Amino acid sequence: MRVLLVEDDVRVSAALAGALRRTGYAVNCATTAEEALAAPAADLVLLDLGLPDRDGLEVCRRLRERSRHLPIIAVTARGEEHDRVAGLRTGADDYVVKPFSMAELQARIEAVLRRVVHAARPTSDVLEVGPLRLDVPARHVTLDGREIGLTRTEFEVLLTLASRPGVAVTREELLLAVWQTTFGGGRTLEVHIAALRAKLGNPDLVRTVRRVGYRLHAR
């Protein structure tokens with residue numbers, strides 16, 4: 001998962017980026033508002049509101065205008081209630097006050113991502129992607145009219161992928177959607193992907209996106 005870390009204190013940025021990378025995130029760092037707004041697309045933004053060239057609230061507003069669904073967590077020393085309210089009203093999904101522990105930040109990241117993953121789930125009872133048909137309430141799957149028997153976990157993995165056909169779904173999103181955590185679980189996910197491919201009878205339907213995750217190919 002690609003994280004954009006916007007922090008003007010170089011020492012804090014280096015320490016936090018290192019901790020995030022050890023957890024498994026790909027981190028791109030920005031020290032100014034201009035760098036943040038010009039940065040490549042990310043899956044989540046950690047945004048310091050005290051930037052040297054522009055108010056972080058304005059950066060938050062600009063990022064939110066670009067994407068309604070981009071998870072943004074304000075990370076700042078501004079701990080007063082009116083600051084927290086302003087950040088949330090501007091478009092931040094959550095607010096972390098310095099100093100904080102990595103465990104707290106990880107928990108907040110997971111909570112925000114869970115909300116994003118949940119919002120991406122289909123609202124209809126039946127989901128059709130090419131020859132693949134998922135009856136969500138019945139947890140019933142057919143491929144070209146042939147019934148596919150899946151376990152509960154395999155169905156959840158497939159449902160998460162089918163909710164965004166043709167789009168690369170990150171490993172973190174799959175872990176959150178199915179296991180409600182991003183800690184560990186990588187090998188477990190790989191095992192379930194392999195089982196899913198075997199049962200579908202066509203490994204090409206669930207494609208690996210290198211260094212990202214998996215994509216359901218709608219043939």
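Which helix and which strand do the buried residues of H4 pack against? Keep that question in mind while you move through this model, which is predicted.

**First stop: S1, H1 and S2**

Select residues 2-6, which are strand S1, together with residues 26-30, which are strand S2; the two strands pair in the parallel sense over five bridges. If you then pick out Leu 4, you will find that its bridge partner in S2 is Asn 28. Add residues 10-23 to the selection and follow the chain from S1 through helix H1 to S2, a β-α-β crossover that is right-handed.

**Second stop: helix H4**

Now select residues 81-90, helix H4, and colour Asp 83, Gly 87 and Thr 90, which are buried. When you look down the axis of H4, these buried residues fall within an arc of 70 degrees, so they line one face of the helix. As background, an α-helix has 3.6 residues a turn, so residues three or four places apart point the same way. Turn the view to the face of H4 that points away from its buried side, and you will meet the exposed residues Glu 81, His 82 and Arg 89. Just after H4 comes Gly 91, which takes a positive phi of about 135 degrees.

**Third stop: the neighbours of H4**

The opening question can now be answered by adding residues 56-66 and 94-97 to the view, since the buried residues of H4 pack against helix H3 and strand S5. H3 and H4 pack at an angle of about 20 degrees, and their axes are 9 Å apart. Angles under 35 degrees count as roughly parallel, and H3 is therefore roughly parallel to H4. To see the contact itself, show the side chains of Leu 57, Cys 60, Arg 61 and Arg 64 on H3, and on H4 select Ala 86, Gly 87 and Thr 90.

**Last stop: the sheet of S10, S12 and S11**

Finally, select the three strands that form an open sheet in the order S10-S12-S11, where the pairing is antiparallel. Strand S10, residues 169-170, and strand S11, residues 206-209, stand at the edges with a single partner strand each, so one side of each is left without a neighbour in the sheet. S11 pairs with strand S12, residues 213-216, in the antiparallel sense over four bridges, and within this pair Val 209 stands opposite Gly 213 in S12. Add residues 152-162 to the view to bring in helix H6, which packs on the sheet and touches S10, S11 and S12, while its direction makes about 70 degrees with that of S12.

Note on methods: Residues are numbered from 1 along each chain as its sequence is written. This is a predicted model: local features need pLDDT of at least 70, side-chain atom pairs count only at pLDDT 80 or more; totals for chains, interfaces and linings use all residues. Side-chain values use heavy atoms; hydrogens and water are left out. Two strands pair if DSSP finds at least two bridges between them. A crossover is right-handed if, with the strands pointing away from the viewer, the path from the first strand over the helix to the second runs clockwise. Buried means under 20% relative accessible area, exposed over 50%, partly exposed in between (1.4 Å probe, protein chains only). The arc is that of the directions from the helix axis to the C-beta atoms. Contact means heavy atoms within 4.5 Å. Axes are lines fitted to C-alpha atoms, for helices over the stretch in contact, and angles run from 0 to 180 degrees between N-to-C directions. Angles under 35 degrees count as roughly parallel, over 145 as roughly antiparallel, 65 to 115 as roughly perpendicular and the rest as oblique.
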